[in-house]
Each structure stands twice: as C-alpha cells, then as structure tokens.
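Student: Could you take me through a close look at one part of this model, the surroundings of the ligand? I would like to know what sort of residues sit there.

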Amino acid sequence: MLTEQQIYGVYVPVVTPFSTAGEVDLDSYQRYVKNIVNNSIQGLVVNGTTGESPTVSLDELQLLVGVSRELLKSTTIPLVVGTGTNDTRSTVKRTELAANLGADAALVVVPYYSRPSQEGIIAHFRKAAEVGLPIIAYDIPGRSGVGMTLDTARTILEMEHVVGLKDCSGSPNLVTELARLRSKPVLCGDDLHFLEMLGCGAAGGMLASANVQTADFLQIYHYFAAGQQELAEAAFEQLRSLMTLLFKESNPAPIKWLLQEQGEIASDTLRLPLTSITSALAEELQVHLQQPDAVRLTS
Ligand SMILES: O=C(O)C1=N[C@H](C(=O)O)C[C@H](O)C1
C-alpha cells in the first residue's frame, strides 16, 4: 500500500499498446514495461491518461494490472492504477478491482464531461477513498472541464486514504499553497513545468515523457533533490525540445509513435477517437531523432 513518504521522484505512466486490430498487445506491454522498471523509478502508473483509460474495459484493466503486478514482483516499485472515470459508481468499482488485484494505490481523476460542482468533486473522492485503497487525486482541468479549487484540494487531501495529488492544473498556484500549508505530497503532471513545480514544492512528477529517456528524468530529479539546481536546469533544457514535440498533439499519440519507432512496442495504434500523429509531427520527430543522442530510451 502506497504511503505519503513514497510519493516523490519520477512516476512513469505507461501506454497501453494495441495491435493494429485494436486489441491489447500484451507482448509489447511486457517487453516495454520490463525496460521501464529496469530504471529505479519511484512508481509505475497503469491505465492513466497515457494508458488511454477511457477506452480500456474492465476485463482489459484486470489483465493489465495482473501482468504489471507480476512484472514488479522482484522490485519495490509501487503499482498505481488509474481507476477514475466520470461516473462515481464505476470509479468505486474499478478502485475495488484494483485493490483486489494488489495495486498499491489508485489514481482518481476529477470526473470529466459532467462538470460537477466542487461539492460533487469532493463527494466523488469521498466515495473512492471509502474503498480503503490509497488514492492519488488527479486534477487536470484541461481534460476534465473543471478543476479543484484550493479549498477542494485541501478537503480531499485531508481525507483518510488520500495520500497525495497529481497536479496538471497548468499553474504553480495549487502546489505552492499546498506546500506552504504542509499538506500531503504533490506530483507534477505537467512535464514542461516539472522543474519549476519542484521548485514550488512538488515532491516529484508523474510524467508521460519519462517513457523515453527515463534515466534522464530521474537524473533531473536527483540533481534537484541534491540542491544541484544548475545541473538540474541544464539537464532539463536538454529535454525541452523533446517534451515540446511529445505534447504538440494529444498525449499519448506522440509517445506511442516514438516507442514504436524505437522498437519498444509493435504498433502506435490508438483507440478512437484518438488517432495517430500527423505526418508533419512525425517528420519533426524524425528530425529530432537524427540529432546525435536525441532520444535514449528507457535506460
Ligand atoms: O497519464 C498520465 O498520468 C499523464 N497524463 C498527462 C496528460 O496526458 O495530459 C500528462 C502527464 O505527463 C502524465
């Protein structure tokens, strides 16, 4: 079970590889996740936004969690499972399933599409927390359509079993205030602001970009934690152009393209309504890849 003290460093939200026919490609998943966990990451996140959670069925989730648990068995890396949907009942059901399958924590997003009130958001998290599995609350207003106010975030973080927050609010305000109030730990989910958010009090990041150059993202965190700000900045700048390309079109399409290009997964297939990247972005990524040392993969 994930504790607050384990929320720091770099958590990697992995993709869900699909075959060209659109089925979960477990061979690719196992091969690629094995490479990711060969790095000393602080957490593995299955079925997050990057894992295309809105299109993953309950049966598929069960499969992915079972395989991931197996892949992590000889490590101490915590397994976090995305269980949040825009329906409280299905979120509770998925969180119970994750708990029964041995997940260490659930990642629960602010319900999207329905645009609930702050009261509704709080009630949603209360129900999810009642399952008893540690919960990382996930604020991403750009995707959910609504976000948490500071008061809401504080109320949710005070709940028993809620162990931390993933902040994709696009602003340093929440993390700065929560750090000042010595609230529970916050992971930055906004890759291009990772270093800035660490400076504002984030304990680490949950970063889709860390699917590639995992070791370099870990290095940035370690430099920062050791007070080596200049080295952290230099290392971060090295990754800026890659991160910019990875978020030029909807995550996880560019990351899937790159993982496929590097032979980590067999296909960059996404489930509709997501589609593969445009040929213009593919060209830009190709140019990027041609630079010496452009993309080192997972280790
Ligand atoms: O899957 C995730 O977790 C992440 N999702 C964010 C998004 O897609 O908007 C980005 C972040 O890097 C991690």
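Tutor: Happily! The shell around the ligand is made up of seven nonpolar, five polar and two charged residues, where Ala, Val, Leu, Ile, Met, Phe, Trp, Tyr, Cys and Pro count as nonpolar, Asp, Glu, Lys and Arg as charged, and the others, Gly among them, as polar. In total 14 residues surround the ligand, and the closest are P13, G48, T49, T50 and A208; a residue is near a molecule if its C-beta atom, placed from the backbone, lies within 6 Å of it.

Before going on, please keep in mind that this is a predicted model, in which local features need pLDDT of at least 70, side-chain atom pairs count only at pLDDT 80 or more, and totals for chains, interfaces and linings use all residues. Residues are numbered from 1 along each chain as its sequence is written.

Let's stay with T50. T50 is found in the loop between β2 (43-46) and α2 (58-71); helices (H or I, at least four residues) and strands (E, at least two) are DSSP runs, numbered from the N terminus. The UniProt record, an unreviewed entry, places the feature "binding site" at T50 and M206. Those two positions are spread over 157 residues of sequence, yet they cluster in space, with a largest C-alpha distance of 10.5 Å. UniProt positions are given in the numbering used here, feature names are shortened, and annotations may be inferred rather than shown by experiment.

So that you can place another part of the model, helix α3 (residues 88-100) packs with helix α4 (residues 118-130). T88, T91, V92 and T95 in α3 meet H124, K127 and A128 in α4, contact being C-beta atoms, placed from the backbone, within 7 Å.

Notes:
Axes are lines fitted to C-alpha atoms, for helices over the stretch in contact, and angles run from 0 to 180 degrees between N-to-C directions. Two residues are in contact if their C-beta atoms, placed from the backbone, lie within 7 Å.
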